[in-house]
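Welcome, and thanks for taking a look at this model. Please have the sequence and the coordinates open as you read.

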Number of protein chains: 2
Amino acid sequence: MSRPDELVVGILGGMGPAATVDLLEKIVASSGAVRDQDHLHLIVDCNPKVPNRNEALDGTGPSPAPQLVAMARRLEAAGADFLAMACITAHAWAAEIRAAVGIPFVSIVEETATEVARLVPPGTPCGVLAAQGARRARLWERALEAIDRPAIVPDAAEQARFMELLYRIKAGDMGAEVRAATAALARTLVERGARLVVAGCTEVPLVLGPADCPVPLVDASEVLARAIVAYARRERPLPARAARSGS
Amino acid sequence: MSRPDELVVGILGGMGPAATVDLLEKIVASSGAVRDQDHLHLIVDCNPKVPNRNEALDGTGPSPAPQLVAMARRLEAAGADFLAMACITAHAWAAEIRAAVGIPFVSIVEETATEVARLVPPGTPCGVLAAQGARRARLWERALEAIDRPAIVPDAAEQARFMELLYRIKAGDMGAEVRAATAALARTLVERGARLVVAGCTEVPLVLGPADCPVPLVDASEVLARAIVAYARRERPLPARAARSGS
């Protein structure tokens, strides 16, 4: 049924566009809607022109912060009641986004950590496949530390391999080779003790499904999609506006 | 490579959301992009709260025009250089949208008619599967008449059947039964002389592919996606701002 009290969702997207489409699909699927009018009102700024987040965090490219802030403000001006972002590495600038707008920002990292805390007890080692920039900003390491689930991450060579795969996915290559190599990286984390794996980059679920992973796979995009639906329908209270540092 | 002179695309969507996601996927796939930054900047107002277009055209529900106009203006204010809409029936209010903004509006109906004119010679009967509202507004009938390709459309009973299928698709049912029934309707148009079938509702390509149709199937969403990419990259001039009546 139609819910006039539903909130309008603003999504910072385009990083990359396929990951944004994947998130939108998951929101549509999570809505349990029968008629068009039962779905959420989403305003999506799918802006792939945002500078490369990994290069910025490596110090080899410009900061995406000015563009992310401009997108957040545009979405607020267009009528969004709260914001979310379909790129995990860009959450390194979550504090700047939160400071720039008067509406709440829902963090995919915080939502996923909450889900992980629901799924496995404290002390459980959790594998994370994440982009280099997210690693450098320690987004997942800090979020998992905060809930006392130690992060198991790729070593330097594996991380370099993952970045190669990530740029192939962004270039549209979601073929068998990329899928097999991503699954192999997930299995490496499991061999190293991970009892759960977080698809900690929004491109990962494009090539890795639960069947490819010998332990439970937590798809951060899926978690964010469900959280967005719950917040928009006011089934749970939105996070406070106060900025939490860098996630 | 990055194209600083690319145009920003504003998309009126959410009618329904799955059809909008389908259009976005087709835009991403049509972009031939290698890096995130090669993709188009899209601003999408995915607003499923727009009143039912078929009911409005049947005289049994409120007009969606005020909401469509508000969406178009919001997208213009957010920075869109031109507009397109991921719902064909809503093109019955194209004139109102065009009158409300200072940027061009690309019509999925006009773009598809141009594609049909490229594919088959004048006089070729073309089947169209379209929603009741689009039928009532004669969107396809007039567009095909204008290029001298007679429209072959379902009869009243078949149209009622199509509307049942359409609302099932909108409710998320894209199962084998819906697919088979949609394909059967397409075949009926072919048996009646259609030498080409237009998927003339943005939900149709969600359940009907070229393999399901014994004659060439023109997917209006696919045509619009390619047109959007070409316009945004300035590979072709945008349509003049002057309103063409009701398409």
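## Domains of chain A

Into which domains is chain A divided? Domain 1 of chain A covers 9–107 + 222–232, and domain 2 covers 109–220. Please keep in mind that this is a predicted model. Taken over C-alpha atoms, the centres of domain 1 and domain 2 of chain A are separated by 20 Å.

## Where the two domains meet

Let us begin inside chain A. Here 26 residues of domain 1 of chain A are in contact with 27 residues of domain 2 of chain A. The two domains of chain A bury about 1,900 Å² between them, with 53% of that area on carbon and sulfur atoms. On the domain 1 side, Ile88(A), Ser107(A) and Val223(A) lose the most area to domain 2 of chain A, and together they make up 32% of what that side buries.

How many salt bridges and polar contacts are found across this interface? There are three salt bridges between domain 1 and domain 2 of chain A, along with 16 residue pairs in polar contact, both residues being at pLDDT 80 or more. If you would like a salt bridge to look at, the side chains of Arg136(A) and Asp58(A) form one, with 2.4 Å from N to O.

Which elements supply the domain 1 side? Helix 1 (17–30), helix 2 (53–58) and helix 10 (220–232) of chain A each supply at least two residues of the side that touches domain 2 of chain A. Helix 10 of chain A gives the most, with six residues. By class, this side of domain 1 of chain A has 13 nonpolar, six polar and seven charged residues.

## A parallel sheet in chain A

Chain A also has an open sheet of four strands, in the order 6-5-7-8 and with parallel pairing. Its edge strands are strand 6 (151–152) and strand 8 (217–219) of chain A, each of which pairs on one side only. Strand 5 (residues 126–129) of chain A runs parallel to strand 6 of chain A, and two bridges join them. To place this pairing in your viewer, find Cys126(A), which stands opposite Ala151(A) in strand 6 of chain A.

## Where chain A meets chain B

Now for the interface between the chains. Chain B and chain A each bring 35 residues to the contact. The area buried between chain B and chain A is about 2,700 Å², and carbon and sulfur atoms give 53% of that area. Asp36(B), Gln37(B) and Lys49(B) supply 23% of the area that chain B buries against chain A, more than any other three residues.

Six salt bridges are counted between chain B and chain A. One to inspect joins Lys49(A) and Glu6(B), whose closest N and O atoms are 2.7 Å apart. The count of residue pairs in polar contact between these chains, both residues at pLDDT 80 or more, is 21. On the chain B side, helix 1 (17–30), strand 2 (42–46), helix 3 (65–78) and helix 8 (156–170) each supply at least two residues that touch chain A. Helix 1 of chain B gives the most to that side, with six residues. The residues of the side of chain B that touches chain A divide into 19 nonpolar, seven polar and nine charged.

## Strands paired across the chains

How do strand 2 of chain A and strand 2 of chain B run, and how many bridges join them? They run antiparallel, joined by five bridges. Within this pairing, Leu42(A) has Cys46(B) as its bridge partner in strand 2 of chain B.

Definitions and conventions
Residues numbered from 1 in each chain as written. Chains lettered and ligands numbered in written order. Predicted model: local features only at pLDDT ≥ 70, side-chain atom pairs only at ≥ 80, totals over all residues. Heavy atoms only, no water. Contact = heavy atoms within 4.5 Å. Buried area = accessible area lost by both parts, 1.4 Å probe. Salt bridge = Lys/Arg side-chain N within 4 Å of Asp/Glu carboxyl O. Polar contact = N/O pair within 3.5 Å; in protein donor to acceptor, adjacent residues only side chain to side chain. Nonpolar A, V, L, I, M, F, W, Y, C, P; charged D, E, K, R; others polar. Pairing = 2+ DSSP bridges. Domains from an automatic or database assignment.
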